[in-house]
Amino acid sequence: ANRRSCKAEMESEGKSKITVGVCAMRKKAAAKPMREILKRLRVQKAIEIVIFTDKQILEETVDKWPLCDALIAFYSTGFPLDKAIEYSELRKPYVVNDLPSQYLTLDRREVYRILSENNIETPRHTILNRDKGSNCVLDEDEDRIEINNIVFHKPFVEKPVDAEDHNVYIYYPIAAGGGSQRLFRKV
């Protein structure tokens, strides 16, 4: 559907400010990148920011969530993305970041596919599909790992398909002591 300009909508509704809703878990909403985005938005006199609380997001039905003209919503662990999508369909705010697409970012295979389709460079990689029935071939020795005839010399980083799984490992060549180490992730 065609949307009128924000200015035209504001004038027709007698509004002097655009309400931007931030729908994200407190930890994400209070993180440095979000604080910087909000700082820049607050400079605009015609913008009012409403940050949804964790209690609203997790416990209230979407029809009780704050009204907004524009919505910024970010997935993180525990965030009910389906509810945010339901809210956007109910209230029809201008959605700054595509909500259904956030599901794709949870699968690293999808992220690499999208980047490739858009000709965006990525580090050299391959995918070892461990799903039942896959025909992936893995061969490893002291200084290299080969997956489906693609050779990677160690050190080599392995990341799980699920972006929420932070069990990332580095495999070292024998000259560096060999073995592997799980990367520590700041919580």
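I begin with a term: helices (H or I, at least four residues) and strands (E, at least two) are DSSP runs, numbered from the N terminus. With that in hand I looked up Asn148, and I found its place in the loop between β6 (144-147) and β7. I note at the outset that this is a predicted model, so every value below is computed from predicted coordinates.

**Entry 1: backbone details in loops**

I stayed with Asn148 and read its phi, which is near 50 degrees, a positive value in a residue other than glycine. At 29% relative accessibility, Asn148 counts as partly exposed.

I then turned to Asn119, whose phi is near 55 degrees, again a positive value in a residue that is not glycine. Asn119 sits in the loop between α6 (108-117) and β5 (138-140), and with a relative accessible area of 71% this residue is exposed.

Which two residues does a cis peptide bond join? I found Lys154 and Pro155 on either side of that bond, with omega about 10 degrees, and I placed Pro155 in the loop between β7 (150-153) and β8 (156-158).

**Entry 2: the chain as a whole**

I stepped back to the protein chain, which has 6 helices and 10 strands. Its radius of gyration is 22 Å, well over the 16 Å that the globule rule gives for 187 residues, so the chain is more spread out than a compact globule. Along the principal axes I read a C-alpha trace spanning about 70 × 35 × 30 Å.

Of the 187 residues, 30% count as buried, while the chain exposes about 12,900 Å², with carbon and sulfur atoms supplying 53% of that area. I also looked at contacts between residues at least 6 apart in sequence, and among these 47% join residues at least 24 apart.

**Entry 3: helix α3**

I went through helix α3 (residues 32-42) and listed its buried residues, which are Met34, Leu38 and Leu41. They cover an arc of only 55 degrees around the axis, which puts them on the same side of α3. On the other side of this helix I found Lys32, Pro33, Lys39 and Arg40 exposed.

What do the buried residues of α3 pack against? I traced their packing to β1 (18-23), α2 (26-29), β2 (47-51) and β3 (70-73).

**Entry 4: nonpolar cores**

I keep in mind that in soluble globular proteins, nonpolar side chains tend to be buried together. The largest nonpolar core here has 15 residues, and among them Cys23, Leu71 and Phe79 touch the most other members. The elements that give two or more residues to this core are β3 and α5, and the largest share, 4 residues, comes from α5.

I followed Phe79 outward and, leaving aside its neighbours within four places in sequence, found it in contact with Cys23, Ala24, Met25, Ile57, Ala73, Phe74 and Ala84. A second, separate core has 12 residues, including Ile18, Met34, Ile47 and Ala70; I had already met Met34 among the buried residues of α3.

**Entry 5: cysteines**

How many disulfides does a search of the whole structure find? I record 0. To see why, I recalled that a disulfide is a covalent bond between the sulfur atoms of two cysteines, and that a pair of cysteine sulfur atoms must lie within 2.5 Å to count as one. The closest cysteine sulfur to that of Cys23 is in Cys68, 8.4 Å away, which is too far for a bond. Cys23 is buried, with a relative accessible area of 0%, and Cys68, at 9% relative accessibility, counts as buried too.

**Entry 6: Ser88 and Glu60**

I located Ser88 in helix α5 (residues 81-91), where at 14% relative accessibility this serine counts as buried. Not counting residues up to four places away in sequence, Ser88 touches Leu71, Pro93, Val95 and Leu99; of these, Leu71 was named earlier as one of the core members with the most contacts to other members.

Last, I looked up Glu60, which lies in the loop between α4 (54-59) and β3 and counts as partly exposed at 27% relative accessibility. Outside the residues up to four places away in sequence, Glu60 touches Lys55, Trp65 and Lys83. I also noted that the C-alpha atoms of Glu60 and Arg40, 20 residues apart along the chain, are separated by 29 Å.

How values were computed:
Residues numbered from 1 in each chain as written. Predicted model: local features only at pLDDT ≥ 70, side-chain atom pairs only at ≥ 80, totals over all residues. Heavy atoms only, no water. Buried < 20%, exposed > 50% of the residue type's maximum accessible area, 1.4 Å probe, protein only. Arc of directions from axis to C-beta. Contact = heavy atoms within 4.5 Å. Core = buried A, V, L, I, M, F, W, Y, C linked by side-chain atoms within 4.5 Å. Rg over C-alpha atoms; globule rule 2.2 N^0.38 Å. Areas by Shrake-Rupley, 256 points an atom, 1.4 Å probe, with all protein chains shown as cover.
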